[in-house]
Amino acid sequence: MEKWTKWIDEENGGIQLTNIDSFLNAIKCSWVKRYLDYTNTSKWKLFYQKILKKYGDSLLFECNISNTILHEIANENIFLSDVLSAWSDVTHNLKTETSSKTILWNNKDITSNNKTFFYKDWFERSIKYVDQLYDYRIKDFYSFDNICYIYGIPSNNFLKYYTLIKSVPLHIKSEINTNNTPCTQTTFKKKNKIFYTLQIKNPTENSKIQNKWQVLFGENELNWKHIFTMPYKATIESTLRNFHFKYIHRIIATNKYIFKCKLSNSNLCDFCSENIETIEHLFWECKHIRPIWNQLISFLEQHQLNVKLSFLNIDHIVIIDVQYHFEVNRCRNEEVNVK
Ligand SMILES: [Zn+2]
């Protein structure tokens, strides 16, 4: 994490932290990289393989996945569908750059009654791309007889074949004709940094995270420039900066999230066990946390800083608090220098 924050900060002047969606996508993509690494024989993979099996397992990471499939997977495991969605967002850019061959299976552009195709036994007979069914000599799809002959497909699959080729839209068909040469496939050995830079080229204007906070704060306009740069102004301590960063970007693993990912038995707060452990609860509302804020109030009062603390003006309070500490630290440093 530290490496990342530094990298974003140094290279892009801190404010580029708004591209956190891209950053998170890059992390998710690196998870995919570990999943696709066949030398990695970790047990956790079995769990996900079980869900992805019906779509051809790792094949799915190469496909042009539909939202329907993402929803289906989300019902079984929300994390997996999250990762897949990030992965398809990121690799979409790669694919348009390299114009790789069109994959038949799980392709959102090739559907019948809103359903995508995946014939496991055909895939096992190495049928994967649309152009494998295409006869360049006659500029049309092979007859079913030819398909049976070439791939050893059983003759009772007649209807399956025709439903499939009838569902290939015209634009994909004409692409095969113009795109005669075999193209490079997307490789999975991309590094996180590449995934990240790739997305930085197409940054998302309004971060999802910013919207989430904005909903909480309602009409109170949030000063994002200030919020994003604050961790860097407030401290040089990298642990604290990391914490600020995680907090602002809501990537603190609360029980609410861990429970959602089915990694915990409860979504309740670890301290009070009474309320759902959201970021707001954990750092503001919880009865075990309140005393800290009350101490801050009396501390501020002692220093003639009469501020009303509430969650809605917390960003202002923290700013004042931070500025205060900033000043104190500066004075202390000067003292040290004098000595
Ligand atoms: Zn609590």
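Does S273 count as buried or exposed, or, put another way, which of these words fits its C-beta neighbours inside 10 Å? With 10 such neighbours, S273 counts as exposed (exposed means 12 or fewer other C-beta atoms within 10 Å of a residue's own, buried means 20 or more, and partly exposed lies in between, with C-beta atoms placed from the backbone). The model is predicted, with local features needing pLDDT of at least 70 and side-chain atom pairs counting only at pLDDT 80 or more, while totals for chains, interfaces and linings use all residues. Residues are numbered from 1 along each chain as its sequence is written.

S273 sits in the loop that links α14 (255–260) and α15 (279–285); helices (H or I, at least four residues) and strands (E, at least two) are DSSP runs numbered from the N terminus. The phi angle of S273 is near 55°, a positive value in a residue other than glycine. N114 also has a positive phi, near 65°, and belongs to the loop between β1 (111–112) and β2 (115–116). N114 counts as exposed because it has 8 C-beta neighbours inside 10 Å.

Helix α12 (residues 224–234) offers a view of two sides. Its buried residues are F228, M230 and P231. Seen down the helix axis, these fall within an arc of 140° and so line one face of α12; the arc is that of the directions from the axis to the C-beta atoms. K225 and H226, on the other side of α12, are exposed.

L60 touches L52, Y55, I65 and N106, leaving aside residues up to four places away in sequence (contact means C-beta atoms, placed from the backbone, within 7 Å).

Note on methods. Contact = placed C-beta atoms within 7 Å.
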